[in-house]
Amino acid sequence: MELEGRTALVTGASRGIGRAIAIYLAELGAQVAVNYSSSEQRAIEVVEAIKEKGGRAIAVKADVSNPQEVEAMFEKVLNEFGDLHILVNNAGITRDALLIRMKQEDWDAVLDTNLKGVYNCSKAAAKIMIKKRRGKIINISSVVGVAGNAGQSNYAAAKAGVIGFSKAIARELAPRNIQVNVVAPGFIKTDMTAALPESIRQEMLKQIPLGRYGDPMDVAYVVGFLASDKSQYITGQVIHVDGGMIM
Amino acid sequence: MIFEKVRDIIVEQLGVDPEEVTLDSKFIDDLGADSLDIVELIMALEEEFDMEIPDEDAEKISTVGDVVEYIKAHSKE
Ligand SMILES: NC(=O)c1ccc[n+]([C@@H]2O[C@H](COP(=O)([O-])OP(=O)(O)OC[C@H]3O[C@@H](n4cnc5c(N)ncnc54)[C@H](OP(=O)(O)O)[C@@H]3O)[C@@H](O)[C@H]2O)c1
């Protein structure tokens with residue numbers, strides 16, 4: 001199996017896209033740490049699903065925006081698995097509002113989780129990977145970080161920030177054989193998009209050339225490729241998984 | 001004593017032979033370190049000698065002798 005003997009940490013893996021990524025990386029043979037911040041039961045279900053198929057996984061609680069909790073999470077992962085080869089920064093939230101109605105706390109919450117969380121986890125992972133002279137960091141951005149979206153200025157700023165951040169550290173870490181790439185999903189069927197009003201969902205659909213929403217597995221397959229040795233010569237890239245929304 | 005400890009850390013971080021490390025060795029020119037190596041080295045030294053080396057001081061360090069002098073002057077031990 002492609003990821004046999006590798007260990008991976010997937011943030012926000014209790015639900016949605018992160019869940020699909022965690023299960024798929026385990027199918028490819030990796031040992032997986034399933035991070036969550038509040039959905040403990042859901043995280044345990046993901047771990048169980050992996051174990052049922054003969055894989056190895058643990059659930060680790062940490063709010064990615066909190067540096068102390070992130071540090072404790074990495075310690076726990078190292079204690080359990082002894083190493084870390086793959087980090088997938090997937091945890092993310094939305095707090096939508098038009099700019100003139102956007103509260104400071106909505107701005108801060110989204111930037112803290114979606115951008116500072118990526119910094120916290122990447123930093124902790126890089127310290128481990130630099131020593132080992134290899135590693136894969138895969139960050140989940142969004143079509144919104146590339147094209148913008150009315151009502152999501154906080155989310156767009158954070159997701160665009162993830163792209164710039166990833167390109168900067170891709171350059172920093174390239175001499176240590178660490179590849180850093182970004183996956184930018186479009187409209188994927190998860191709790192996050194289920195929360196949108198039907199009118200907006202219909203509007204979105206018109207902008208998707210392939211004429212349908214994406215499935216979490218569509219994202220997971222790309223992450224699996226970027227986590228494997230097949231992508232050793234790819235770094236600093238943004239891969240769009242959006243049914244053709246961005247071309 | 002300090003030199004030996006520093007040498008061990010350099011050998012470990014840079015993967016060079018112990019004989020190559022003298023007080024006169026320059027990290028970049030003689031020991032083949034790059035900027036990330038230097039940062040890692042500084043962090044390892046901070047941990048080993050339980051001290052903080054501010055960036056403006058770290059920038060002035062270019063030889064192994066500089067490191068040994070710096071630690072003699074600033075270490076709590
Ligand atoms: N769905 C889409 O259409 C779409 C499109 C583009 C990009 N994305 C991005 O893809 C990623 C996953 O989205 P999704 O749709 O799967 O979202 P989701 O279904 O809402 O799941 C979000 C996940 O993130 C976790 N999480 C939230 N805040 C966290 C924190 N502070 N620390 C740790 N974990 C935290 C949640 O865990 P708890 O429940 O335990 O808090 C949950 O597992 C996000 O980065 C999102 O921005 C999604």
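1. A word on terms before the ligand: helices (at least four residues) and strands (at least two) here are DSSP runs, numbered from the N terminus. Keep in mind, too, that this is a predicted model. With that naming, H1, strand E2 (31–36), H6 and helix H7 (191–194) of chain A each put at least two residues into the shell around the ligand. H7(A) gives the most, with 3 residues.

2. Staying with the ligand, how many residues surround it? The count is 32, and the closest are Ser14(A), Ser37(A), Ser39(A), Tyr155(A) and Thr190(A). Sorted by character, the shell holds 13 nonpolar, 15 polar and 4 charged residues. So if you scroll around the site, expect a mixed lining, with polar and nonpolar residues both present alongside the charged ones.

3. A few of the ligand's oxygen contacts are worth clicking on. The side chain of Ser14(A) has an N or O atom 2.7 Å from an oxygen atom of the ligand. Asn90(A) comes in through its backbone instead, with an N or O atom 2.7 Å from a ligand oxygen. Gly186(A) also uses a polar backbone atom, at 3.3 Å from an oxygen of the ligand. On its own the ligand has 890 Å² of accessible area, and the protein covers 95% of that.

4. One sequence position before Asn90(A) you will find Asn89(A), in strand E4 (residues 86–89) of chain A. Is Asn89(A) buried or exposed? Buried: its relative accessible area is 4%, and the cut-off for that label is under 20%. The Asn89(A) side chain makes a polar contact with the side chain of Ser122(A) at 3.2 Å. Another polar contact runs from the Asn89(A) side chain to that of Asn139(A), at 2.7 Å.

5. Now the charged pairs. Side chains of opposite charge can pair when their charged atoms come close. Over all chains, the search finds 14 salt bridges. Here is one that crosses between chains: Arg176(A) with Asp34(B), where the closest N and O atoms are 2.9 Å apart. On the chain A side, Arg176(A) sits in the loop between helix H6 (153–173) and strand E6 (178–185). On the chain B side, Asp34(B) is in the loop between helix H1 (2–14) and helix H2 (35–48). Arg176(A) is buried at 4% relative accessible area, whereas Asp34(B) is partly exposed at 27%.

6. Arg176(A) has another partner in chain B. It forms a salt bridge with Glu40(B), with the closest N and O atoms 3.9 Å apart. That distance is still a salt bridge because the cut-off is within 4 Å. Glu40(B) lies in helix H2 of chain B and Arg176(A) in the loop between H6 and E6 of chain A, so this pair joins two chains. Both Arg176(A) and Glu40(B) are buried.

7. For a bridge inside one helix, look at Glu198(A) and Arg201(A), whose side chains meet at 3.5 Å, N to O. Why are these two about one helical turn apart? Because they are 3 residues apart in helix H8 (residues 198–206) of chain A. Glu198(A) counts as partly exposed at 47% relative accessibility, and Arg201(A) is also partly exposed, at 22%. Elsewhere, salt bridges that share partners join Arg133(A), Arg176(A), Asp34(B), Asp37(B) and Glu40(B) into one network.

8. On to the aromatics. A pair of aromatic rings is described by the distance of the centres and the angle of the planes. The count is 2 aromatic pairs over all chains. One of them is Tyr24(A) with Tyr221(A): the ring centres are 5.0 Å apart and the planes stand at 90°, so the pair is edge-to-face. Tyr24(A) lies in helix H1 (residues 16–27) of chain A and Tyr221(A) in helix H9 (residues 216–227), so the contact ties together parts that are 197 residues apart in sequence. Tyr24(A) is buried at 16% relative accessible area, but Tyr221(A) is partly exposed at 45%.

9. Last, a residue for orientation. Lys51(A) lies in helix H2 (residues 40–52) of chain A. Lys51(A) is partly exposed, with a relative accessible area of 43%. Its C-alpha atom is separated by 32 Å from that of Tyr233(A), which is 182 residues away along the chain.

Technical notes
Residues numbered from 1 in each chain as written. Chains lettered and ligands numbered in written order. Predicted model: local features only at pLDDT ≥ 70, side-chain atom pairs only at ≥ 80, totals over all residues. Heavy atoms only, no water. Buried < 20%, exposed > 50% of the residue type's maximum accessible area, 1.4 Å probe, protein only. Phe/Tyr/Trp six-rings, centres within 6.5 Å; stacked < 30°, edge-to-face > 60°. Near = heavy atom within 4 Å. Polar contact = N/O pair within 3.5 Å; in protein donor to acceptor, adjacent residues only side chain to side chain. Areas by Shrake-Rupley, 256 points an atom, 1.4 Å probe, with all protein chains shown as cover.
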